[in-house]
Amino acid sequence: MNGRWLEGKAVPFVELTVAHASVLTILAISFERYYAICEPLKAGYVCTKTRALLICLAAWTVAAILTR
């Protein structure tokens, strides 16, 4: 494959994916903080590290799919 083609397609894709994933991650953090403030007793067992990891993976997946 031609290196210019890869550079012409891959770099903008990665840049946009990172931008979209950043927005989605900040949105997820905002929802988590809102929930922690509004439901402080439930937040301890609802907002877990595993759930945060899954949400981050989902944000990156959605960002990559929507960037196409």
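Reader: Before looking at any residue, what is a pocket, and what are its lining residues?

Author: A pocket is an open set of grid points with protein on both sides within 12 Å along at least five of seven lines, and lining residues have an atom within 4 Å of a point. The model shown above is a predicted one. In this model the largest pocket is lined by 13 residues, and those that lie nearest its centre are Ala28, Ile29, Glu32, Ala52 and Ile55.

Reader: Which elements give two or more residues to that lining?

Author: Two or more residues of the lining are given by helix H1, which spans 3-38, and by helix H3, which spans 49-67. The largest share, 6 residues, comes from H1.

Reader: What volume does the largest pocket have, and how do the residues of its lining divide into nonpolar, polar and charged?

Author: The volume of the largest pocket is about 280 Å³. As for the residues of its lining, 9 are nonpolar, 2 are polar and 2 are charged.

Reader: Glu32 was named among the residues nearest the centre of the pocket; with which residue does Glu32 form a salt bridge?

Author: A salt bridge is read from a side-chain nitrogen of Lys or Arg that lies within 4 Å of a carboxyl oxygen of Asp or Glu. Here the partner of Glu32 is Arg33, and the closest N and O atoms of the pair are 2.8 Å apart. A search of the whole structure finds 1 salt bridge.

Reader: Why does Glu32 count as partly exposed, and why does Arg33?

Author: Partly exposed is the class that lies between buried, which means under 20% relative accessible area, and exposed, which means over 50%. Glu32 is placed in that class because its relative accessible area is 28%, and Arg33 is placed there because its relative accessibility is 45%.

Reader: Where in helix H3 could I practise with these classes, and is Ala63 buried or exposed?

Author: Ala63, which is found in helix H3, has a relative accessibility of 1% and therefore counts as buried. Ile65 also lies in helix H3, but Ile65 has a relative accessible area of 52%, so Ile65 is exposed.

Reader: What separates the C-alpha atoms of Ala63 and Thr17, and what separates those of Ile65 and Arg4?

Author: Separation along the chain and separation in space should be read as two values for each pair. Ala63 and Thr17 are 46 residues apart along the chain, while their C-alpha atoms are separated by 5.4 Å. For Ile65 and Arg4, 61 residues apart along the chain, the C-alpha atoms are separated by 23 Å.

Reader: Which residues form the nonpolar patch on the surface?

Author: The patch is formed by Phe13, Val14, Val18 and Trp60, which together have about 350 Å² of accessible area. Its largest share, 3 residues, comes from H1. Phe13 has its place in helix H1, and because its relative accessible area is 34%, Phe13 is partly exposed.

Reader: How does Cys38 compare in position with Phe13?

Author: Cys38 lies in helix H1, and the C-alpha atoms of Cys38 and Phe13 are separated by 37 Å, the two residues being 25 residues apart along the chain. Cys38 counts as partly exposed because its relative accessibility is 40%.

Methods
Residues are numbered from 1 along each chain as its sequence is written. This is a predicted model: local features need pLDDT of at least 70, side-chain atom pairs count only at pLDDT 80 or more; totals for chains, interfaces and linings use all residues. Side-chain values use heavy atoms; hydrogens and water are left out. On a 1 Å grid over the protein atoms alone, a cavity is a set of points where a 1.4 Å probe fits but cannot get out, and a pocket is an open set with protein on both sides within 12 Å along at least five of seven lines; lining residues have an atom within 4 Å of a point. Grid points are joined across faces, edges and corners, and a volume is the space filled by probe spheres set on the points. Helices (H or I, at least four residues) and strands (E, at least two) are DSSP runs, numbered from the N terminus. Ala, Val, Leu, Ile, Met, Phe, Trp, Tyr, Cys and Pro count as nonpolar, Asp, Glu, Lys and Arg as charged, and the others, Gly among them, as polar. Buried means under 20% relative accessible area, exposed over 50%, partly exposed in between (1.4 Å probe, protein chains only). Patches are made of residues with over 30% relative accessible area and no salt bridge: like charges are joined within 9 Å, nonpolar side chains (Val, Leu, Ile, Met, Phe, Trp, Tyr) within 5 Å. Accessible areas come from the Shrake-Rupley method with a 1.4 Å probe; for residues, only the protein chains shown count as cover.
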